[in-house]
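Colleague: I am new to this structure and should be grateful for a close look at one part of it.

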Amino acid sequence: MFGRQHKESMLDHVTGPVKAQLSTVVEDCDVGTFQRVAITGEDTCGLPVEDLWEAGEYLVAAFRIRERYMMASMQSFPKSISSLLKLASEDAKEDSEPVSLEHKTDGPACKREMFGITFDNDLGYRFKMVDGVVCVYENSDQLDANDPMPISFPCLEDFISDMNLLTALTVNGPLKTVSYRRLSFLEHRHSLHVLLNEMRELAEQKIVPHRDFYNCRKVDTHVHAASSMNQKHLLRFIKKSMNRGGEQIVDVQNGKRRTMQEVFASLKMNAYDLSVDTLDVHADRNTFHRFDKFNTKYNPLGQSILREIFLKTDNYSEGKYFADLIKEVMSDLEESKYQMAELRLSIYGRNRDEWDKLAKWAVHNGVHSENVRWLIQVPRIFDVFHTKGLLNNFQEMLSNIFEPLFEVTANPQSHPDLHRFLQHVSGFDSVDDESKAEPHPFTMASAKPGDWSTDENPPYSYYLYYMFANMTVLNALRKQRGLNTFVLRPHSGEAGSIQHLVVAFIVAENISHGLLLRKSPVLQYLYYLVQIGIAMSPLSNNHLFLNYHRNPLPDFLAKGLLVSLSTDDPLQFHFTKEPLMEEYSIATQVWKLSTCDMCEIARNSVLMSGFTPEVKVHWLGEKYQIEGPAGNDITKTNVPDIRVSYRCETRLNELKIIYQAAKQAAAGEFNNDA
């Protein structure tokens, strides 16, 4: 057994209030009824002392960078790491107060009236975008005097410096060695844990009444609204729309209004002729590494006009068909009761009225469900819009995306529908083909957004920094107003450069995909230690970038990374009415996941989701924000306390090794005791 003595050793060299904070976390990990693996001897790390010293200092530096950005933007950061950062700080004071880093995105409670919300008074603030970031002024006089309110955000110079430092760390030899060895240890340790405790975990699940995998809450943390239905569902909906509303005007071409029957007649198709095969929206072997061909699968029958009619919010019918289709998807989720989704809707930044049109679509059509939260995805296609003459420069795109949000925050009456809609929005996503080449890196020499007026697309890091900076200022204003704040959850690591994951580590609360973490042990170790949520979509990856059997999800899960399963695009990749269950089913069969594994992934999906704390309390238990088994309610999650305790103890042990190495490296001595 590996119990009290081990937990006491985890607090070695810790003193003062920090020890009191950490000891609470360690005690919360105490289950005491399962087998632990003990490693004894003088050298329990198996690493060269010099490498461990250097790695410890660099990892602490990386933690500090992420903490600074997360705190500035009001995103979440692990309380255990925050406490240990105070321990590692040379100027830490013994009488310092504990830091609370629980992130709350307060929004409508689980039983709140649809889009019901109160309207606050106009603050009278004025806004102006300067060098790509919105500045807030208390009144017109301060705007004229160019005297903005002191809302801080990480400046461009600091961001580029931090990005370059973390990029350098990913290729640092000693840090790569330490990260790889510790990740290997975590993987093998999990194998031993399963061998010793699998039956205990199963027994713990069996004694819980009612709860099982089917009725524990699970969230589809990455799914695009325009492809959230399966192909058969879309086919039935199109046929029903043709039969019941064939005389409805749905399009204008060359000044002539056309009915749905006329549109399909021009395509030489009728309702009877339509089939899944003719619809041709499902991905196949021809889409592998061909993102361009995959994008064409959004066009039913290969016709962009049908995508415009059925899968867009802004069209001649004001998105009526898409609203009805999404409400059917929501109805299916509500029928399943225990499945939720975070649907992505697009804001392109082509013009300033996009937000009002989207909000009007959602509010006036009643597109709402307690099982759904919205994320706003911003496609990285400035080059397309600039080439078409829709935008003059990149700052114009940023202004179209963010200034309406500042206006509605300061004066809800200015955009009433948008004010209602934003209560159900969790955050922002950044999407596009990551495999596209980026000719020029983001440096201080890069053009400012107001000067970026070429047909060349800005790099990934450029998009994310300016989205993050504006979101940080916006969150500060919304917190002042008592409104829900937003998080950044971009696509990252699906393909392309490793640097995308570096940038996401700095500015993003969670990411989608994360496949390239398998190629960078340093980043993989950092994502594990900080517990950055990763929404993985193996079936999507299988058709686009990585064969199913090579997907790193089971390895990430074994090591303890915070991973969830998601569908991405059921229209292209799934066949059944419950695509999320399809993901779980295939993953379980292929990788031989246990019931405990499946419930752990489901719990992870709720933890990383954007549903409100009130809802998460109902789904996970009142203490879900506490690390360790004290925060786990098995009667709600069906995850054994043994598994949660193992995860907590293992991660705290890794943190202890890192901080002990960093502190003793600074002192010039090291006691290699794990």
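How do α18 and α19 lie with respect to each other, roughly parallel or roughly antiparallel?

Modeller: The model is predicted, so local features need pLDDT of at least 70 and side-chain atom pairs count only at pLDDT 80 or more, whereas totals for chains, interfaces and linings use all residues. Residues are numbered from 1 along each chain as its sequence is written, and side-chain values use heavy atoms, without hydrogens or water.

Helix α18 spans residues 460-480 and helix α19 residues 499-507 (helices being DSSP runs of H or I, at least four residues, numbered from the N terminus). Their axes are 10 Å apart and make an angle of about 10° (lines fitted to C-alpha atoms over the stretch in contact, with angles from 0 to 180 degrees between N-to-C directions). The two helices, α18 and α19, are therefore roughly parallel, a term for angles under 35 degrees.

From α18, Tyr 460, Ser 461, Leu 464 and Phe 468 meet His 500, Val 503 and Val 507 of α19 (contact means heavy atoms within 4.5 Å). Five of these residues are nonpolar, two are polar and none is charged (Ala, Val, Leu, Ile, Met, Phe, Trp, Tyr, Cys and Pro are nonpolar; Asp, Glu, Lys and Arg charged; the others, with Gly, polar).

The largest nonpolar core has 179 residues, and those touching the most other members include Trp 374 and Phe 421. Such a core joins buried Ala, Val, Leu, Ile, Met, Phe, Trp, Tyr and Cys through side-chain atoms within 4.5 Å, buried being under 20% relative accessible area (1.4 Å probe, protein chains only). Helix α18 gives the most to this largest core, 13 residues. Beyond its neighbours within four places in sequence, Trp 374 contacts Phe 421 and Trp 361, among others.

Technical notes
Angles under 35 degrees count as roughly parallel, over 145 as roughly antiparallel, 65 to 115 as roughly perpendicular and the rest as oblique. Buried means under 20% relative accessible area, exposed over 50%, partly exposed in between (1.4 Å probe, protein chains only).
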